[in-house]
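Thanks for asking me to look this over. Here are my notes, as numbered points, to read with the structure open beside you.

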Amino acid sequence: MQGKKDYQEKLFIRFQLSDYVPADNFYRRLKSILDLNFVYDTTSKYYGTEGQKSIDPVVFFKLMLVGYLENLNSDRRIIATSRMRMDILYFIGYDLDEELPWHSTLSRTRQLYGEEEFTAVFKQVLKKCIDAGLVAGKRQAIDSAFVKANAAMSSLVEREIMNDAATYGKQLDDHNDEAPAGDIPDENTKPKPRKNAKVDKKANSKRYSPSDPDARLSVKPGKTTRLNYSAHVSVDTQNHVITHIQAFHADKGDAPCLPEILTHVAGNLKDNGMEIEDVLADTGYSGEAALLFLAGNHIKGFIPNRPGCQSRESRQGFSYDGEQDRYVCPEGKYLTFHNFKKAENDNTHKIYRTSVKDCRDCPLKSTCANLQGFKVFKDSVAKDLYIEMHERMQTRQGSKARKVRQSTVEPVLGTLINFTGMKQVNTKGLELANKCMIMAAIAYNLKKLVNGIPAKIRRRKRKLPGNHSDAVINTLSACLLKIANILTAFSIDYKSKWPNNHLLCNLIIQPF
């Protein structure tokens, strides 16, 4: 007999969300391990004692997490999706008949809270990951990616030229890290462009977006030029947990950002009794500031050098005398250390030069000396660190570090951009962009914490020698010893029975 369902809405119903959200649901498991009650104390300074009540700070942060966990890049969509999902309502602590906050409340609260509130939540989640054994802390992989700003190319306008030269120069300094247009630095003092960037270096000093002045023009090969921010991520190589994330201007090079990134990473790990030993990064992070910071903090870096920084032999025909700290030209003249010179990209160079007298009668003067009549070399003060880094990257450990970096931080960046709502920020300004990236990193780490280590990684870890390697060796030795005893007894027994058996007679058991 065919059935037919008749539906009539009930006026009264007994309903509890906890009865209809499965025990293995992600948000139910997340609710049981995520405790954000500490934000009541840290955010109390933003509120007075009178007036209407604000959104619950815990509810605000949970709604923000929902946006990144569900890859929703809109406050309106966060509220709309949460209203339709029983598991999300259970997670944020709302019933079916309760009205959710307005989407504009999320935007205003995001602007109200400082970065330190978002960082405190990130550190709390990171601590839980460390307590769960997901973070080793010793080796960190660092990389960056462009994140689209919330500003259109059509909003670009020309910067106004002020009549006051000093005011105009200050404006350029505030919005541009490049050298002024009137200066033409030589090849050694030229500011290093951001990796893969082919946009006009002076474009950001000429044009900007009034809707988001912190956004910068940048481009990657095969992509169109657009207004971006640069997201730098530090990932622990053990289980791919994010230990720090930060937003920078897109036209700023990677190398100058590394000291600030590692300072934050070291602080996050030090709070949990951990220290960094190795840092893995790509060529974009190779720079004087980065290498000096690594050497000063006794951190071993694995960063491929830029072309021309591998050794001192790149200057054809000239040899370097390390004992006297000087170069020797093909004619036997010396380029001795003369002075230090500060470059416009904040690098410091050591100047080596000959005297006018040495080059006066040289047959190569026309092709070798400068217009003043002497030869000049400029070396970075970190030249020896560049050479040491190049030699380290040629070793087997350096080759392995390159592969580990590629398999660790690059998939994390891809996940953040494609599945965790970080393809484009929905805010204006560098500070708010940094808050968005921090929340995306929190959502990523929470997925790791709730779901645990993937089975594939667990199997791979079981195959690798770990803390029980001594026990494995002892077990194998005991097995080999038993086999040796059996073979010895076998040879003695059968030698007495078949003395003409040359194979058994010659059987010699080597002691283990």
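1. Let's start with the lining of the largest cavity, bearing in mind that this is a predicted model. The lining residues divide into four nonpolar, four polar and two charged. The residues to pick out on your screen are Met-64, Gly-67, Tyr-68, Leu-72, Asn-73, Asp-75, Ile-78, Arg-110, Gly-421 and Asn-426. The volume of this cavity is about 60 Å³, and the structure holds two cavities of 30 Å³ or more.

2. Which helix gives the most to that lining? Helix 4 does, with three residues. Helix 4 (57-69) and helix 5 (75-84) are the elements to colour here, since each supplies at least two lining residues.

3. The second largest cavity has a volume of about 40 Å³. Around it you will find Leu-156, Arg-159, Asn-204, Arg-207, Tyr-208, Ser-209, Ala-215, Arg-216, Leu-217 and Leu-227. Two or more of the lining residues come from strand 3 (207-208), and likewise from strand 4 (216-218). By type, this lining divides into five nonpolar, two polar and three charged residues.

4. Next, please look along helix 8. It covers residues 115-131, 17 residues in total, and spans 24 Å from its first C-alpha to its last, close to the 24 Å expected at 1.5 Å a residue. Just after helix 8 comes Gly-133, which has a positive phi of about 80°.

5. Which residues of helix 8 are buried? They are Glu-117, Phe-118, Val-121, Phe-122, Val-125, Leu-126, Cys-129 and Ile-130. These buried residues pack against helix 3 (39-42), helix 4, helix 7 (103-112), strand 6 (241-249), helix 11 (254-270) and helix 17 (430-451). Helix 4 thus turns up in two places in this note: it packs against the buried residues of helix 8 and it gives three residues to the lining of the largest cavity.

6. A single residue worth a click is Leu-89, in helix 6 (residues 86-92). Is Leu-89 buried or exposed? Its relative accessible area is 3%, under the 20% cut-off, so Leu-89 counts as buried. Leaving aside neighbours within four places in sequence, Leu-89 has contacts with Leu-17, Ser-82, Arg-83, Tyr-94, Asp-95, Leu-96 and Leu-100. Val-21 lies 68 residues away from Leu-89 in sequence, and the two are 10.0 Å apart in space, C-alpha to C-alpha.

7. Now to the strands, beginning with strand 10 (residues 326-328) and strand 11 (residues 334-342). They pair in the antiparallel sense over three bridges, with Tyr-327 opposite Leu-335 of strand 11. The two strands make a hairpin with five residues between them, and Gly-332 in the turn has a positive phi of about 85°.

8. Strand 11 also pairs with strand 12 (residues 348-353), antiparallel and over six bridges. Two places to check by eye are Lys-341, which stands opposite His-349 of strand 12, and Phe-337, whose bridge partner is Tyr-352.

9. Strand 12 is joined in turn to strand 13 (residues 376-380) by five bridges, and these strands run antiparallel. Here the bridge partner of His-349 is Ser-380. Why is strand 12 described as largely enclosed by the rest of the structure? Because five of its six residues are buried.

Technical notes. Residues numbered from 1 in each chain as written. Predicted model: local features only at pLDDT ≥ 70, side-chain atom pairs only at ≥ 80, totals over all residues. Heavy atoms only, no water. 1 Å grid on protein atoms, 1.4 Å probe; cavity = no way out; pocket = protein on both sides within 12 Å on 5 of 7 lines; lining within 4 Å. Points joined across faces, edges and corners; volume = space filled by probe spheres on them. Helix = DSSP H or I, 4+ residues; strand = E, 2+ residues; numbered from the N terminus. Nonpolar A, V, L, I, M, F, W, Y, C, P; charged D, E, K, R; others polar. Expected span 1.5 Å × (residues − 1). Buried < 20%, exposed > 50% of the residue type's maximum accessible area, 1.4 Å probe, protein only. Contact = heavy atoms within 4.5 Å. Pairing = 2+ DSSP bridges.
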